[in-house]
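Visitor: Could you take me through the charged pairs and the enclosed spaces of this model, and tell me each time what the wording rests on?

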Amino acid sequence: MTDREHATDTDVAIVGYGPVGQVTALLLAARGYDVTVLERFPRPYPMPRAVSYDGESARIIAATGVGADLDDHVESSRDYVWHNADGETLFRVDVDDHGRFGWPDSTSVYQPGLETVLAARGARYPNLRVLRGHSVTAVADRGDHVALTVRGEEAGTLTARWVVGCDGANSLVREAVGGSVTDFAFFNDWLTCDVVPHDGRAYRPNNLQVCDPARPRTAVSAGPGHRRWEFMRLDGEPADEFGSEENVWKLLSLFDITPDNATLLRHAVYTFQARYADRWRRGRLLIAGDAAHLMPPFAGQGMCSGFRDAANLAWKLDLVLAGRADEALLETYTAERLIHVRHALTMSMDLGRVICQTDPVAVRDRDTAMLAAQERARRGAAGGARPRTPVQPLTTGLRHGPFPAGDLIPQGRVRAAGRPAGRFDDIVGRGFVLLTTEPPAELLGESDRAWLDLLGTRVVRVTADDGTEPAPDTVADTDGVYVPYLAAARAAAVLVRPDFYVYGAGRDRAGLAGLVAALRTALRS
């Protein structure tokens, strides 16, 4: 039995078809639901906005099925370096191309290419309908469905069981959800310049932040063949003059970028913001991406946070739509995501305060401290410079027990019978995963196994890779990731959620039975 009490035009209506709306739509369409997207612009925005995503986001994007189709539009970010005004290195991160989650820890992307690939994937689903050039002017929650007033070629009223607003900073769906907004009043004006260089030079470092009080500035990859330069507007500079094309080329000349060796695709002055909505759900209305949060660019977590929203929401909405969980499950969406968004915002603002500093005394103190930290890191001494990470364990919401509950499980390569080694997600499949070092029949009772099967759970045993052919329902731990992980957790099995976070662990048959019982109760609470 499902929650379909009222015949609707679609199961889920998604307002907005940027990258977050696209990923949300694909994750739901892949689960078999009728999804209708309403996008007010008739054509995709042709210029990049975000220019990178992290390893967790790469794993989420891979879950949509785009795979190697992205190869022409992405590259490893390779490195991220901060220099001071004298060119000294204040901070450096070298990107691991085979990171904790099976993908590069950071990927540089040409966003229009990403959107094209995601749209092409969406076009393969007959149950996913995208209506471009259609604006939503009102949404009304009727209790058992939502009515959307639509303006466009197919104007009228569209009904949906659920609505997800991925409609950006000025979200109409967020207004309908209501509630307050937490605004940190942290902002600056920056000039963004998207450029295609023609001189074939190699950029080392590939991603550079110049912490120069005379002009904080950024030079980063925006995917293969594309780069972005950004410059902070200083106090007293008129905004219109600062954003002029004449000033753009003047500033780009700091990096030896001229009209003779590059094409300027776009330039614009934008004001970054730091805020989030305190409520992400009201009845059958939900929000994600920029509709739910806006953050400064310094940690590269704006689009990444939206992808995390999509991954968290899609599987929970799936269980509710299928009648396998009560609507109360969706309250964990806001609870879980707010904690992560607060962390990402705080990290972004902390980085921004360092980068945007223009006071000479504060800059001198900053440089002294950061250069000393770099020296300690070079010597391997305690207190050396270490990058902060956006990856955070869940501390609330749908989790059970101590560590590893709430941990974002890593991804390594595994082998299955008759198959070469590959990423765990590709070999085992996605959805709920019960990963165990013991024969599953010795840990799971028949009723618990049947209930996990109803959730679509992959039950798989993992063993050390000794080179022999794995048994059925077993994978060999080629990269040595999973056997040590379970050993460190002192667990015979871990139950992993579809968004790759660990629900909980069991040390033996009784512990696993208690874990499954807790999940059954949580989904029906």
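Visitor: What makes Arg-497 and Asp-499 a salt bridge?

Guide: In this predicted model, the closest N and O atoms of Arg-497 and Asp-499 are 2.8 Å apart. The cut-off for a side-chain nitrogen of Arg and a carboxyl oxygen of Asp is within 4 Å, so the pair at 2.8 Å counts as a salt bridge.

Visitor: Why are Arg-497 and Asp-499 called buried?

Guide: Arg-497 has a relative accessible area of 1%, and Asp-499 has one of 4%. Buried means under 20%, and therefore both residues of this pair are called buried.

Visitor: What makes Arg-228 and Asp-194 a salt bridge, and which parts does the pair tie together?

Guide: The closest N and O atoms of Arg-228 and Asp-194 are 2.8 Å apart, and because the limit is within 4 Å, the contact qualifies as a salt bridge. Arg-228 belongs to strand β16 (residues 227-232) and Asp-194 to strand β13 (residues 189-197), so the salt bridge ties together parts that are 34 residues apart in sequence. With relative accessible areas of 5% for Arg-228 and 2% for Asp-194, both residues fall under 20% and are therefore buried. The pair also belongs to a network of salt bridges that links Asp-194, Arg-228, Glu-230 and Arg-266.

Visitor: How do you know whether Asp-465 and Arg-415 are buried, partly exposed or exposed?

Guide: Arg-415, at 14% relative accessibility, is under 20% and so counts as buried. Asp-465, at 28%, lies between the limits of 20% and 50%, and is therefore partly exposed. These two residues form a salt bridge whose closest N and O atoms are 2.7 Å apart. Asp-465 sits in the loop between β25 (458-464) and β26 (474-477), whereas Arg-415 sits in the loop between β22 (413-414) and β23 (422-423), so the pair ties together parts that are 50 residues apart in sequence.

Visitor: How many salt bridges does the count give?

Guide: The count comes to 35 salt bridges.

Visitor: Turning to the enclosed spaces, why is a space called a cavity and not a pocket?

Guide: A space is called a cavity because a 1.4 Å probe fits inside but cannot get out, while a pocket is open. There are 4 cavities of 30 Å³ or more, and the largest cavity has a volume of about 100 Å³. Its lining has 15 residues, with Phe-424, Asp-425, Val-433, Val-496 and Phe-500 nearest the centre. At least two lining residues come from each of α10 (424-428) and β24 (433-436).

Visitor: Which class supplies the residues of the lining of the second largest cavity, and how many from each?

Guide: This lining has 3 nonpolar, 2 polar and 5 charged residues. Asp-499 is one of the residues that line this cavity, and others include Glu-56, Arg-308, Glu-336 and Arg-337. The elements giving two or more residues to it are α7 (302-321) and α8 (331-355). About 60 Å³ of space lies in this second largest cavity.

Visitor: What is the volume of the second largest pocket, and which element gives the largest share of its lining?

Guide: The second largest pocket has a volume of about 420 Å³. The largest share of its lining, 4 residues, comes from α7. Of its 18 lining residues, Arg-31, Asp-318, Arg-430, Gly-431 and Pro-498 lie nearest the centre.

Conventions. Residues numbered from 1 in each chain as written. Predicted model: local features only at pLDDT ≥ 70, side-chain atom pairs only at ≥ 80, totals over all residues. Heavy atoms only, no water. 1 Å grid on protein atoms, 1.4 Å probe; cavity = no way out; pocket = protein on both sides within 12 Å on 5 of 7 lines; lining within 4 Å. Points joined across faces, edges and corners; volume = space filled by probe spheres on them. Nonpolar A, V, L, I, M, F, W, Y, C, P; charged D, E, K, R; others polar. Buried < 20%, exposed > 50% of the residue type's maximum accessible area, 1.4 Å probe, protein only.
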